[in-house]
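Work through the exercises below with the sequence and the model open. Each task is followed by a solution in steps.

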Amino acid sequence: MASISPSQPETLYEKHVKIRPRPVKGRFASLRKTALLVLLGIFHVLPFFQWNGRQAIFFDLPHRRFYIFGLNIWPQDFILLTFILLGLALLLFFATALLGRVWCGYACPHTVYTEVFLWIEQKIEGNRSEQLKLARKPWRGEKGRKRVLKYTLWVLVAMSAGIGFVGYFVPIRQLIPEFFTLHADVETYFWVAFYGSFCYLQAGIVREQFCKYVCPYARFQGAMFDQDTLIIAYDPQRGEPRRRLKKQDRENPDALGFCVDCTMCVQVCPTGIDIRDGLQLECIACAACIDACDNMMDQIKAPRGLIRYTSTNRLAGKNTKLLRPKTFAYGAVLLAAFGLFVISIAGKGDLDVNILRDRNVLARKISGSRIQNIYTIKVLNKTENPRQFTLGVAGADGAEIDGKKHFSVEPGAVYETVLRVNIPRKSLGSDSSINIDFIVTPQDNPADAHHQNSKFLAPNK
(Lines give C-alpha, C1' and ligand atoms only; values in the text may rest on other atoms or scores of the structure.)
Protein backbone atom coordinates (compact mmCIF):
# COMPACT_ATOMS: atom_id res chain seq x y z
CA MET A 1 0.00 0.00 0.00
CA ALA A 2 1.32 3.40 -0.98
CA SER A 3 1.97 5.73 1.93
CA ILE A 4 0.96 9.35 2.01
CA SER A 5 3.81 11.76 2.35
CA PRO A 6 3.52 14.11 5.35
CA SER A 7 4.37 16.97 3.04
CA GLN A 8 1.29 16.15 0.92
CA PRO A 9 -1.60 15.73 3.38
CA GLU A 10 -4.79 14.15 2.12
CA THR A 11 -7.72 16.54 1.67
CA LEU A 12 -11.42 15.78 1.42
CA TYR A 13 -12.19 18.54 -1.04
CA GLU A 14 -10.48 20.58 -3.70
CA LYS A 15 -9.73 24.18 -2.84
CA HIS A 16 -12.02 26.53 -4.72
CA VAL A 17 -10.33 28.64 -7.36
CA LYS A 18 -12.24 31.78 -8.25
CA ILE A 19 -13.44 31.80 -11.83
CA ARG A 20 -12.82 35.05 -13.64
CA PRO A 21 -14.65 34.75 -16.97
CA ARG A 22 -13.29 36.72 -19.87
CA PRO A 23 -15.74 39.28 -21.32
CA VAL A 24 -16.99 38.37 -24.77
CA LYS A 25 -18.90 40.16 -27.52
CA GLY A 26 -21.39 38.58 -29.88
CA ARG A 27 -25.03 38.10 -30.71
CA PHE A 28 -25.79 35.99 -27.66
CA ALA A 29 -23.93 38.37 -25.36
CA SER A 30 -26.10 41.18 -26.71
CA LEU A 31 -29.20 39.06 -26.16
CA ARG A 32 -28.20 38.39 -22.55
CA LYS A 33 -27.62 42.10 -21.90
CA THR A 34 -31.02 42.94 -23.38
CA ALA A 35 -32.70 40.28 -21.24
CA LEU A 36 -30.82 41.58 -18.18
CA LEU A 37 -31.96 45.18 -18.72
CA VAL A 38 -35.56 44.16 -19.43
CA LEU A 39 -35.83 41.87 -16.40
CA LEU A 40 -34.18 44.32 -14.00
CA GLY A 41 -36.39 47.08 -15.38
CA ILE A 42 -39.54 45.02 -14.83
CA PHE A 43 -38.45 44.00 -11.32
CA HIS A 44 -37.63 47.52 -10.15
CA VAL A 45 -40.26 49.52 -12.07
CA LEU A 46 -43.37 47.39 -11.55
CA PRO A 47 -43.87 48.38 -7.88
CA PHE A 48 -44.19 52.03 -8.91
CA PHE A 49 -47.24 51.40 -11.07
CA GLN A 50 -50.50 52.47 -9.45
CA TRP A 51 -53.88 50.83 -9.85
CA ASN A 52 -57.13 52.11 -8.38
CA GLY A 53 -55.29 54.32 -5.91
CA ARG A 54 -52.86 51.69 -4.63
CA GLN A 55 -49.77 49.81 -5.76
CA ALA A 56 -50.56 47.69 -8.82
CA ILE A 57 -48.68 44.60 -7.58
CA PHE A 58 -48.73 44.42 -3.82
CA PHE A 59 -48.58 41.47 -1.42
CA ASP A 60 -50.26 42.65 1.77
CA LEU A 61 -49.22 39.91 4.17
CA PRO A 62 -50.55 41.51 7.40
CA HIS A 63 -54.06 41.63 5.90
CA ARG A 64 -53.56 38.41 3.90
CA ARG A 65 -54.38 39.97 0.55
CA PHE A 66 -52.54 39.89 -2.76
CA TYR A 67 -53.18 42.56 -5.37
CA ILE A 68 -52.13 41.95 -8.97
CA PHE A 69 -53.48 44.90 -10.94
CA GLY A 70 -57.27 44.39 -10.93
CA LEU A 71 -57.09 40.92 -9.36
CA ASN A 72 -57.59 40.73 -5.60
CA ILE A 73 -56.58 37.40 -4.07
CA TRP A 74 -57.90 36.63 -0.60
CA PRO A 75 -57.22 33.57 1.57
CA GLN A 76 -60.45 32.11 0.17
CA ASP A 77 -58.99 32.47 -3.34
CA PHE A 78 -55.60 30.88 -2.73
CA ILE A 79 -56.45 28.15 -5.22
CA LEU A 80 -55.67 30.84 -7.81
CA LEU A 81 -52.10 31.00 -6.53
CA THR A 82 -51.91 27.23 -6.91
CA PHE A 83 -52.83 27.52 -10.57
CA ILE A 84 -50.35 30.38 -11.07
CA LEU A 85 -47.46 28.46 -9.48
CA LEU A 86 -48.43 25.27 -11.30
CA GLY A 87 -48.58 27.15 -14.59
CA LEU A 88 -45.15 28.73 -14.04
CA ALA A 89 -43.61 25.35 -13.16
CA LEU A 90 -45.14 23.71 -16.23
CA LEU A 91 -44.00 26.60 -18.40
CA LEU A 92 -40.45 26.06 -17.13
CA PHE A 93 -40.68 22.32 -17.85
CA PHE A 94 -42.08 22.97 -21.32
CA ALA A 95 -39.36 25.50 -22.15
CA THR A 96 -36.66 23.16 -20.83
CA ALA A 97 -37.90 20.21 -22.90
CA LEU A 98 -37.76 22.40 -26.01
CA LEU A 99 -34.93 24.86 -25.42
CA GLY A 100 -32.82 23.33 -22.65
CA ARG A 101 -31.56 25.55 -19.84
CA VAL A 102 -32.60 28.80 -21.48
CA TRP A 103 -34.00 29.94 -18.11
CA CYS A 104 -30.61 29.53 -16.43
CA GLY A 105 -28.72 31.35 -19.16
CA TYR A 106 -30.95 34.37 -19.64
CA ALA A 107 -33.64 34.82 -16.99
CA CYS A 108 -32.60 33.26 -13.66
CA PRO A 109 -32.24 36.01 -11.00
CA HIS A 110 -28.95 34.46 -9.92
CA THR A 111 -27.60 34.75 -13.46
CA VAL A 112 -28.93 38.28 -13.91
CA TYR A 113 -27.32 39.69 -10.76
CA THR A 114 -24.12 37.72 -11.32
CA GLU A 115 -23.84 39.42 -14.70
CA VAL A 116 -24.23 42.82 -13.00
CA PHE A 117 -21.58 42.01 -10.38
CA LEU A 118 -19.19 40.68 -13.03
CA TRP A 119 -19.65 43.79 -15.15
CA ILE A 120 -18.77 46.01 -12.16
CA GLU A 121 -15.74 43.85 -11.38
CA GLN A 122 -14.47 44.01 -14.95
CA LYS A 123 -14.98 47.77 -15.21
CA ILE A 124 -12.97 48.39 -12.04
CA GLU A 125 -10.33 45.64 -12.04
CA GLY A 126 -9.99 45.12 -15.79
CA ASN A 127 -10.14 42.00 -17.92
CA ARG A 128 -9.26 38.48 -16.82
CA SER A 129 -5.46 38.82 -17.07
CA GLU A 130 -5.52 42.20 -15.30
CA GLN A 131 -7.63 40.74 -12.50
CA LEU A 132 -5.23 37.86 -12.03
CA LYS A 133 -2.31 40.29 -11.91
CA LEU A 134 -4.14 42.50 -9.41
CA ALA A 135 -4.95 39.52 -7.18
CA ARG A 136 -1.23 38.85 -6.69
CA LYS A 137 -0.54 42.39 -5.49
CA PRO A 138 -0.65 43.46 -1.82
CA TRP A 139 -3.79 45.13 -0.54
CA ARG A 140 -2.17 48.51 -0.03
CA GLY A 141 -2.22 50.91 -2.93
CA GLU A 142 -4.02 50.14 -6.19
CA LYS A 143 -5.53 46.83 -5.12
CA GLY A 144 -7.01 48.26 -1.94
CA ARG A 145 -8.59 51.23 -3.74
CA LYS A 146 -10.11 49.11 -6.49
CA ARG A 147 -11.38 46.43 -4.14
CA VAL A 148 -13.02 48.97 -1.81
CA LEU A 149 -14.71 50.66 -4.77
CA LYS A 150 -15.86 47.31 -6.17
CA TYR A 151 -17.28 46.10 -2.86
CA THR A 152 -19.02 49.43 -2.28
CA LEU A 153 -20.77 49.24 -5.64
CA TRP A 154 -21.69 45.61 -4.97
CA VAL A 155 -23.27 46.63 -1.68
CA LEU A 156 -25.28 49.38 -3.40
CA VAL A 157 -26.55 46.95 -6.04
CA ALA A 158 -27.43 44.39 -3.36
CA MET A 159 -29.23 47.06 -1.32
CA SER A 160 -31.24 48.15 -4.37
CA ALA A 161 -32.20 44.50 -4.91
CA GLY A 162 -33.31 44.26 -1.28
CA ILE A 163 -35.38 47.43 -1.51
CA GLY A 164 -36.89 46.27 -4.79
CA PHE A 165 -37.88 42.94 -3.27
CA VAL A 166 -39.36 44.41 -0.09
CA GLY A 167 -41.16 46.98 -2.26
CA TYR A 168 -43.61 44.27 -3.27
CA PHE A 169 -44.62 43.77 0.38
CA VAL A 170 -44.38 47.36 1.66
CA PRO A 171 -45.68 50.19 -0.56
CA ILE A 172 -42.59 51.27 -2.47
CA ARG A 173 -43.45 54.96 -2.48
CA GLN A 174 -43.65 54.83 1.29
CA LEU A 175 -40.69 52.48 1.72
CA ILE A 176 -37.99 54.51 -0.06
CA PRO A 177 -38.32 57.82 1.87
CA GLU A 178 -38.83 56.02 5.20
CA PHE A 179 -35.83 53.75 4.54
CA PHE A 180 -33.37 56.56 3.83
CA THR A 181 -34.70 58.84 6.59
CA LEU A 182 -34.43 55.99 9.13
CA HIS A 183 -38.18 55.97 9.82
CA ALA A 184 -38.91 52.47 8.51
CA ASP A 185 -39.83 49.55 10.77
CA VAL A 186 -37.16 47.26 12.15
CA GLU A 187 -38.71 44.39 10.14
CA THR A 188 -38.30 46.41 6.95
CA TYR A 189 -34.59 46.99 7.57
CA PHE A 190 -34.16 43.33 8.45
CA TRP A 191 -35.71 42.04 5.23
CA VAL A 192 -33.90 44.57 3.05
CA ALA A 193 -30.62 43.53 4.70
CA PHE A 194 -31.53 39.83 4.49
CA TYR A 195 -32.41 39.83 0.80
CA GLY A 196 -29.59 42.24 -0.05
CA SER A 197 -27.06 40.05 1.78
CA PHE A 198 -28.43 37.01 -0.01
CA CYS A 199 -27.99 38.77 -3.35
CA TYR A 200 -24.43 39.84 -2.43
CA LEU A 201 -23.54 36.32 -1.31
CA GLN A 202 -24.99 34.66 -4.39
CA ALA A 203 -23.80 37.03 -7.10
CA GLY A 204 -20.56 38.28 -5.55
CA ILE A 205 -19.11 35.35 -3.65
CA VAL A 206 -20.82 32.03 -4.36
CA ARG A 207 -21.52 32.58 -8.07
CA GLU A 208 -21.12 29.36 -10.07
CA GLN A 209 -20.92 27.27 -6.89
CA PHE A 210 -24.65 27.82 -6.42
CA CYS A 211 -25.39 26.45 -9.91
CA LYS A 212 -23.07 23.50 -9.38
CA TYR A 213 -23.95 22.36 -5.88
CA VAL A 214 -27.11 24.07 -4.58
CA CYS A 215 -29.62 24.73 -7.35
CA PRO A 216 -32.00 21.74 -7.65
CA TYR A 217 -32.94 22.64 -11.22
CA ALA A 218 -29.62 21.35 -12.52
CA ARG A 219 -30.36 17.98 -10.90
CA PHE A 220 -33.84 17.29 -12.21
CA GLN A 221 -33.32 18.78 -15.66
CA GLY A 222 -32.15 15.35 -16.80
CA ALA A 223 -35.72 14.13 -16.50
CA MET A 224 -36.80 16.79 -19.02
CA PHE A 225 -33.91 16.44 -21.47
CA ASP A 226 -34.01 14.01 -24.38
CA GLN A 227 -32.18 13.53 -27.67
CA ASP A 228 -34.16 16.37 -29.30
CA THR A 229 -33.73 19.00 -26.55
CA LEU A 230 -31.82 22.10 -27.63
CA ILE A 231 -28.38 22.17 -26.02
CA ILE A 232 -25.06 23.93 -26.50
CA ALA A 233 -22.58 21.45 -27.93
CA TYR A 234 -19.17 21.20 -29.55
CA ASP A 235 -19.11 19.42 -32.91
CA PRO A 236 -16.15 17.01 -32.77
CA GLN A 237 -16.60 15.97 -36.39
CA ARG A 238 -15.77 19.53 -37.46
CA GLY A 239 -13.30 20.30 -34.70
CA GLU A 240 -11.14 17.19 -34.39
CA PRO A 241 -8.26 16.62 -34.66
CA ARG A 242 -7.42 19.98 -33.19
CA ARG A 243 -4.89 22.22 -34.87
CA ARG A 244 -2.44 24.80 -33.57
CA LEU A 245 -1.85 28.18 -35.11
CA LYS A 246 1.60 27.08 -36.15
CA LYS A 247 3.29 26.95 -39.52
CA GLN A 248 3.02 23.20 -40.01
CA ASP A 249 -0.71 23.27 -39.22
CA ARG A 250 -1.37 26.22 -41.50
CA GLU A 251 0.41 24.42 -44.34
CA ASN A 252 -1.67 21.24 -43.94
CA PRO A 253 -5.16 22.42 -42.87
CA ASP A 254 -7.17 19.74 -44.68
CA ALA A 255 -5.98 16.97 -42.37
CA LEU A 256 -7.03 18.90 -39.24
CA GLY A 257 -10.25 20.12 -37.69
CA PHE A 258 -11.27 23.72 -37.15
CA CYS A 259 -10.65 23.81 -33.39
CA VAL A 260 -7.39 25.67 -32.75
CA ASP A 261 -7.38 24.78 -29.03
CA CYS A 262 -7.32 28.45 -28.07
CA THR A 263 -9.34 27.68 -24.89
CA MET A 264 -11.38 30.85 -25.38
CA CYS A 265 -14.54 28.82 -24.83
CA VAL A 266 -13.19 27.87 -21.39
CA GLN A 267 -12.01 31.37 -20.50
CA VAL A 268 -15.42 32.97 -21.13
CA CYS A 269 -17.46 30.26 -19.37
CA PRO A 270 -18.96 31.58 -16.10
CA THR A 271 -18.89 28.08 -14.59
CA GLY A 272 -15.38 27.23 -15.81
CA ILE A 273 -16.18 24.10 -17.83
CA ASP A 274 -14.81 22.97 -21.18
CA ILE A 275 -17.79 22.50 -23.48
CA ARG A 276 -15.62 20.32 -25.72
CA ASP A 277 -15.89 17.58 -23.08
CA GLY A 278 -19.60 17.18 -23.89
CA LEU A 279 -22.86 18.16 -22.17
CA GLN A 280 -22.20 18.78 -18.47
CA LEU A 281 -24.32 19.44 -15.42
CA GLU A 282 -22.62 22.80 -14.82
CA CYS A 283 -23.51 24.27 -18.24
CA ILE A 284 -26.12 27.01 -17.83
CA ALA A 285 -26.59 27.51 -21.59
CA CYS A 286 -25.49 31.15 -21.54
CA ALA A 287 -23.93 30.72 -25.02
CA ALA A 288 -20.79 32.72 -24.13
CA CYS A 289 -18.70 29.89 -25.58
CA ILE A 290 -20.61 30.17 -28.87
CA ASP A 291 -19.74 33.85 -29.19
CA ALA A 292 -16.10 33.22 -28.30
CA CYS A 293 -15.77 30.36 -30.77
CA ASP A 294 -17.54 32.26 -33.56
CA ASN A 295 -15.18 35.18 -33.06
CA MET A 296 -12.20 32.85 -33.36
CA MET A 297 -13.65 31.19 -36.47
CA ASP A 298 -13.99 34.64 -38.03
CA GLN A 299 -10.31 35.32 -37.33
CA ILE A 300 -9.10 32.13 -39.01
CA LYS A 301 -11.69 32.52 -41.81
CA ALA A 302 -13.44 29.27 -40.94
CA PRO A 303 -17.21 28.66 -40.93
CA ARG A 304 -19.04 29.46 -37.70
CA GLY A 305 -20.95 26.89 -35.68
CA LEU A 306 -18.16 24.73 -34.29
CA ILE A 307 -19.89 25.33 -30.96
CA ARG A 308 -23.59 26.00 -31.43
CA TYR A 309 -27.12 25.44 -30.27
CA THR A 310 -28.10 22.01 -31.51
CA SER A 311 -29.45 18.68 -30.27
CA THR A 312 -27.96 15.27 -29.68
CA ASN A 313 -29.86 13.87 -32.64
CA ARG A 314 -28.74 16.71 -34.90
CA LEU A 315 -25.10 16.10 -33.96
CA ALA A 316 -25.58 12.45 -34.90
CA GLY A 317 -26.97 13.47 -38.29
CA LYS A 318 -30.61 12.76 -37.43
CA ASN A 319 -33.64 15.03 -37.62
CA THR A 320 -34.72 16.98 -34.55
CA LYS A 321 -38.39 16.84 -33.61
CA LEU A 322 -39.80 19.80 -31.73
CA LEU A 323 -43.25 18.21 -31.43
CA ARG A 324 -42.93 14.93 -29.57
CA PRO A 325 -44.85 13.11 -26.80
CA LYS A 326 -43.03 14.91 -23.98
CA THR A 327 -43.68 18.40 -25.34
CA PHE A 328 -47.28 17.48 -26.16
CA ALA A 329 -47.76 16.27 -22.57
CA TYR A 330 -46.26 19.40 -21.01
CA GLY A 331 -48.23 21.59 -23.40
CA ALA A 332 -51.51 19.80 -22.67
CA VAL A 333 -51.10 20.05 -18.90
CA LEU A 334 -50.03 23.70 -19.25
CA LEU A 335 -53.14 24.49 -21.27
CA ALA A 336 -55.28 22.65 -18.72
CA ALA A 337 -53.78 24.64 -15.85
CA PHE A 338 -54.28 27.87 -17.78
CA GLY A 339 -57.88 26.90 -18.54
CA LEU A 340 -58.58 26.15 -14.87
CA PHE A 341 -57.04 29.48 -13.94
CA VAL A 342 -59.25 31.36 -16.41
CA ILE A 343 -62.34 29.50 -15.17
CA SER A 344 -61.43 30.30 -11.56
CA ILE A 345 -60.94 33.98 -12.41
CA ALA A 346 -64.25 34.09 -14.26
CA GLY A 347 -66.06 32.44 -11.35
CA LYS A 348 -64.33 34.50 -8.69
CA GLY A 349 -66.82 36.84 -7.03
CA ASP A 350 -66.21 40.08 -5.20
CA LEU A 351 -68.47 38.94 -2.39
CA ASP A 352 -68.17 36.18 0.17
CA VAL A 353 -71.13 35.20 2.36
CA ASN A 354 -71.14 32.82 5.28
CA ILE A 355 -74.38 31.99 7.12
CA LEU A 356 -74.51 29.82 10.25
CA ARG A 357 -77.63 28.73 12.05
CA ASP A 358 -77.68 29.25 15.83
CA ARG A 359 -77.20 25.82 17.42
CA ASN A 360 -78.22 26.98 20.89
CA VAL A 361 -81.79 27.80 19.88
CA LEU A 362 -82.68 25.43 17.04
CA ALA A 363 -86.25 26.63 16.51
CA ARG A 364 -88.98 28.30 18.50
CA LYS A 365 -92.62 29.25 18.17
CA ILE A 366 -93.57 32.92 18.15
CA SER A 367 -96.80 34.81 17.84
CA GLY A 368 -98.94 34.49 14.75
CA SER A 369 -98.37 30.73 14.42
CA ARG A 370 -94.90 31.33 13.11
CA ILE A 371 -91.63 29.47 13.56
CA GLN A 372 -88.38 31.36 14.11
CA ASN A 373 -84.79 30.32 13.46
CA ILE A 374 -81.77 32.44 14.33
CA TYR A 375 -78.74 32.82 12.06
CA THR A 376 -75.41 34.59 12.09
CA ILE A 377 -74.45 36.14 8.77
CA LYS A 378 -71.01 37.35 7.69
CA VAL A 379 -70.54 39.32 4.47
CA LEU A 380 -67.04 40.02 3.15
CA ASN A 381 -66.58 42.85 0.67
CA LYS A 382 -63.64 41.86 -1.55
CA THR A 383 -63.65 45.03 -3.61
CA GLU A 384 -61.73 48.22 -2.94
CA ASN A 385 -64.87 50.38 -2.65
CA PRO A 386 -67.65 50.56 -0.04
CA ARG A 387 -70.77 48.67 -1.10
CA GLN A 388 -74.45 48.69 -0.14
CA PHE A 389 -76.29 45.37 0.17
CA THR A 390 -79.84 44.14 0.47
CA LEU A 391 -80.63 40.93 2.31
CA GLY A 392 -83.57 38.71 1.36
CA VAL A 393 -84.81 35.15 1.93
CA ALA A 394 -86.78 32.76 -0.27
CA GLY A 395 -87.80 29.11 -0.28
CA ALA A 396 -91.00 29.18 1.73
CA ASP A 397 -94.27 31.07 1.49
CA GLY A 398 -94.41 33.95 3.91
CA ALA A 399 -90.72 33.78 4.85
CA GLU A 400 -89.44 37.08 6.16
CA ILE A 401 -86.41 38.50 7.87
CA ASP A 402 -86.97 40.07 11.26
CA GLY A 403 -84.14 42.57 11.41
CA LYS A 404 -81.91 44.80 9.31
CA LYS A 405 -82.27 44.12 5.60
CA HIS A 406 -80.06 46.91 4.22
CA PHE A 407 -76.47 47.43 5.27
CA SER A 408 -73.14 48.73 3.96
CA VAL A 409 -69.69 47.13 4.09
CA GLU A 410 -66.40 49.00 3.84
CA PRO A 411 -63.65 47.84 1.42
CA GLY A 412 -62.04 44.63 2.61
CA ALA A 413 -64.24 44.59 5.72
CA VAL A 414 -66.56 41.92 7.12
CA TYR A 415 -70.12 42.78 8.14
CA GLU A 416 -71.49 40.47 10.83
CA THR A 417 -74.94 40.46 12.39
CA VAL A 418 -77.51 38.17 13.94
CA LEU A 419 -80.79 37.87 12.07
CA ARG A 420 -84.08 36.09 12.72
CA VAL A 421 -86.11 34.35 10.02
CA ASN A 422 -89.80 33.82 10.57
CA ILE A 423 -91.90 31.37 8.54
CA PRO A 424 -95.63 30.52 9.03
CA ARG A 425 -96.11 27.06 10.51
CA LYS A 426 -98.40 26.01 7.69
CA SER A 427 -95.65 26.70 5.12
CA LEU A 428 -93.55 23.96 6.72
CA GLY A 429 -96.27 21.34 6.39
CA SER A 430 -95.27 18.07 8.02
CA ASP A 431 -91.58 18.52 7.33
CA SER A 432 -89.16 18.78 10.23
CA SER A 433 -86.87 20.97 8.12
CA ILE A 434 -86.79 22.75 4.78
CA ASN A 435 -84.15 24.44 2.69
CA ILE A 436 -84.28 28.21 2.47
CA ASP A 437 -82.25 30.51 0.24
CA PHE A 438 -80.56 33.65 1.57
CA ILE A 439 -79.97 36.28 -1.10
CA VAL A 440 -77.35 39.02 -0.62
CA THR A 441 -77.64 41.57 -3.44
CA PRO A 442 -75.14 44.40 -3.98
CA GLN A 443 -76.99 47.54 -4.97
CA ASP A 444 -74.25 48.59 -7.42
CA ASN A 445 -74.44 45.28 -9.31
CA PRO A 446 -77.66 43.28 -8.73
CA ALA A 447 -76.49 40.64 -11.20
CA ASP A 448 -73.72 39.73 -8.72
CA ALA A 449 -76.26 38.57 -6.11
CA HIS A 450 -75.00 35.79 -3.86
CA HIS A 451 -77.27 32.85 -2.96
CA GLN A 452 -76.62 30.54 -0.04
CA ASN A 453 -78.79 27.68 1.16
CA SER A 454 -79.40 26.83 4.78
CA LYS A 455 -81.67 24.60 6.82
CA PHE A 456 -84.78 25.93 8.55
CA LEU A 457 -85.91 23.65 11.36
CA ALA A 458 -89.36 23.13 12.80
CA PRO A 459 -89.76 22.54 16.55
CA ASN A 460 -90.56 19.10 17.81
CA LYS A 461 -94.30 18.53 18.21
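**Exercise 1: a buried acid and its partners**

At 1% relative accessibility, E121 counts as buried (buried means under 20% relative accessible area, exposed over 50%, partly exposed in between, with a 1.4 Å probe and protein chains only). The model is predicted: local features need pLDDT of at least 70, side-chain atom pairs count only at pLDDT 80 or more, and totals for chains, interfaces and linings use all residues. Residues are numbered from 1 along each chain as its sequence is written, and side-chain values use heavy atoms, with hydrogens and water left out.

Task: Find the salt bridge between the side chains of E121 and K150, then the one between E121 and R207, and place the partners in the chain.

Solution.

Step 1. Apply the criterion: a salt bridge is a side-chain nitrogen of Lys or Arg within 4 Å of a carboxyl oxygen of Asp or Glu.

Step 2. The side chains of E121 and K150 satisfy it at 3.1 Å, N to O. This pair links distant parts of the chain, with E121 in helix α4 (residues 109–125) and K150 in helix α6 (residues 142–166), 29 residues apart. Helices (H or I, at least four residues) and strands (E, at least two) are DSSP runs, numbered from the N terminus. Both E121 and K150 are buried.

Step 3. E121 also meets R207 in a salt bridge, at 3.3 Å, N to O. Here helix α4 is linked to the loop between α8 (186–206) and α9 (208–214), where R207 sits, and the two residues are 86 apart in sequence. R207 counts as buried, at 5% relative accessibility.

Step 4. Through shared partners, salt bridges join K18, E121, E125, R147, K150 and R207 into one network.

**Exercise 2: the two domains**

Task: Describe how domain 1 and domain 2 of the protein chain touch each other.

Solution.

Step 1. Domain 1 covers 16–348 and domain 2 covers 351–457; the bounds come from an automatic or database domain assignment. Their C-alpha centres lie 56 Å apart.

Step 2. Eight residues of domain 1 are in contact with seven of domain 2, contact meaning heavy atoms within 4.5 Å.

Step 3. The area buried between the domains is about 650 Å², with 40% of it from carbon and sulfur atoms. Buried area is the accessible area (1.4 Å probe) that two parts lose on being put together, summed over both. N52, W74 and Q76 supply 60% of the area that domain 1 buries against domain 2, more than any other three residues.

Step 4. One salt bridge is counted between domain 1 and domain 2. The side chains of R54 and E384 meet in a salt bridge at 2.8 Å, N to O.

**Exercise 3: two serines**

Task: Is S311 buried or exposed, and which residues does S311 touch? Which residues is S344 in contact with?

Solution.

Step 1. S311 lies in the loop between β7 (307–310) and α15 (312–315). Its relative accessible area is 2%, so S311 is buried.

Step 2. Not counting residues up to four places away in sequence, S311 touches Q227, D228, T229, I231 and T320.

Step 3. S344 is found in helix α16 (residues 325–347). Leaving aside neighbours within four places in sequence, S344 is in contact with L80 and F83.

Step 4. S344 and K405 are 61 residues apart in sequence, and their C-alpha atoms are 30 Å apart in space.
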